[in-house]
Amino acid sequence: MPPVSPQKRRYRATTIVALPGVHVLLEPILASIATHDMAVVRSGDHFEIQSPFGVAYLEMQSGRLYLSVETDNQNALNRLKHALIGPISFIAASEKLEFDWTGDEAGLTPLEDLRVLRVRNTTQLTPRMRRIVFEGDDLFRFDRDDQLHCRLIFQPKGVTSPEWPALDDRGRMVWPEQRKLATRVYTIRAIDPRKDEITIDFALHHDAGPATRWAINAAPGDVVGIVGPAADGPKPAQFHVLAGDETGLPGIARILETFDRGVRGFAFVEIHGPDDKQPLVHPPGIEVRWLDREGAAPGTTTLLVDAVRSVAWPPDLQDSFFWGGCEHKAFRQIHRILRNEVRLPRERQVLYSHWHRSLRV
Ligand SMILES: Cc1cc2nc3c(=O)[nH]c(=O)nc-3n(C[C@H](O)[C@H](O)[C@H](O)COP(=O)(O)OP(=O)(O)OC[C@H]3O[C@@H](n4cnc5c(N)ncnc54)[C@H](O)[C@@H]3O)c2cc1C
């Protein structure tokens, strides 16, 4: 008789959180979860969430959110909790949610999707855009056309044994002895896992924070951690509109390169000045318009908003798609235009707030 394979052990945990505004927050929470490499399947009042780390079940009842997670790998338990509480806490930021889990525990576990990158080379693409090509092992998980973003963890210069955060049983990131490092979200401009290579384009903004300072000083051998991927890419369509400032440009450039020759539409890119233009590969039917701020501070103009408003959309919005990323105020205005004026279906658009002008982090 063939040996009977033992039943795979499943690890389970559950949490219940009071969330009074749950009826308003449910849809944005589900939409945000869906952009983080998880598929949401609705079944009546329940939602099954399929993730690379396991499966979760979400339910809302009388102002409470019930969440349970299930994995077949003990370490993945904390990673799945982390993947869920991030988008939920972000959408329900005003509620200051605490997640107390019952069930199986894993203790402190490493970030399963963390990979270590070292700078291979740097190039100054334009005065305000620095390209960094990184090398690292086992980067295949980041090679996705539908998941363009990642989170970078910036290590100090000269570090020889980098320390990384772990995840606790609540799904929270814990830093070694409180030595917290800066992390920021970036777009993967290009990736070739067969060459162990990831390329990121860093916009060098005037009010440089830790990420920009790191990029300005980056030299071969410098180390970052990368986790992800997350966030949606574009879906197939005949008509595309892309819009972004310098932080959206890496995503726009990458997406344009993937378009079929027959695709039509516009790419609007807001830049500081003419010398920030870069050559873009795109089909002839896509018109690229560089929107020059003419010295105005980033995040203070209506250039992108006006450009998006000027588009004459084709009648078939189901065969159209919008993709963009920019400063928060423009993000909100464009979001309103797409929803109220264009009436572009929700599943036909991906728009991110990339940074906040009034935010000091
Ligand atoms: C999904 C996503 C994808 C992104 N992709 C990219 C990318 O591919 N390339 C890229 O360069 N950026 C990208 N960003 C934006 C990037 O994460 C932010 O610009 C980040 O704040 C930069 O970090 P920092 O440490 O330099 O500045 P922070 O410490 O975050 O901020 C310091 C100060 O600078 C201001 N600030 C932040 N960013 C800008 C900016 N771009 N222009 C002007 N002022 C700014 C802030 O308001 C703050 O006052 C992306 C963001 C998101 C959410």
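**A parallel sheet and an enclosed cavity**

Strand 17 (residues 239-244) and strand 18 (residues 264-271) run parallel and are joined by six bridges. The model in which this pairing appears is a predicted one. A handy place to start looking is Phe-239, which stands opposite Arg-264 in strand 18. As a reminder, the strands of a sheet pair through backbone hydrogen bonds, in either a parallel or an antiparallel way.

The pairing of strands 17 and 18 belongs to a wider arrangement: five strands form an open sheet, in the order 19-18-17-20-21, with parallel pairing. At the edges lie strand 19 (286-292) and strand 21 (349-355), each of which pairs on one side only. Direction ignored, neighbouring strands of this sheet are turned by 5° against each other on average.

Attention can now move from the sheet to the empty space inside the model. Rolling a probe the size of a water molecule over the atoms shows where such space is left. With a cut-off of 30 Å³ or more, the count comes to one cavity. The volume of the largest cavity is about 30 Å³.

Which residues line the largest cavity? They are Thr-126, Arg-128, Met-129, Glu-246, Leu-249, Ile-271, Asp-276 and Gln-278. Sorted by class, this lining holds three charged, three nonpolar and two polar residues. Domain 2 (110-232) and domain 3 (239-355) each supply at least three residues to the lining of the largest cavity. One of the lining residues, Ile-271, also links the two parts of this description, as strand 18 covers residues 264-271.

Definitions and conventions: Residues numbered from 1 in each chain as written. Predicted model: local features only at pLDDT ≥ 70, side-chain atom pairs only at ≥ 80, totals over all residues. Heavy atoms only, no water. 1 Å grid on protein atoms, 1.4 Å probe; cavity = no way out; pocket = protein on both sides within 12 Å on 5 of 7 lines; lining within 4 Å. Points joined across faces, edges and corners; volume = space filled by probe spheres on them. Nonpolar A, V, L, I, M, F, W, Y, C, P; charged D, E, K, R; others polar. Domains from an automatic or database assignment. Pairing = 2+ DSSP bridges. Helix = DSSP H or I, 4+ residues; strand = E, 2+ residues; numbered from the N terminus. Axes fitted to C-alpha atoms, helices over the stretch in contact; angles between N-to-C directions.
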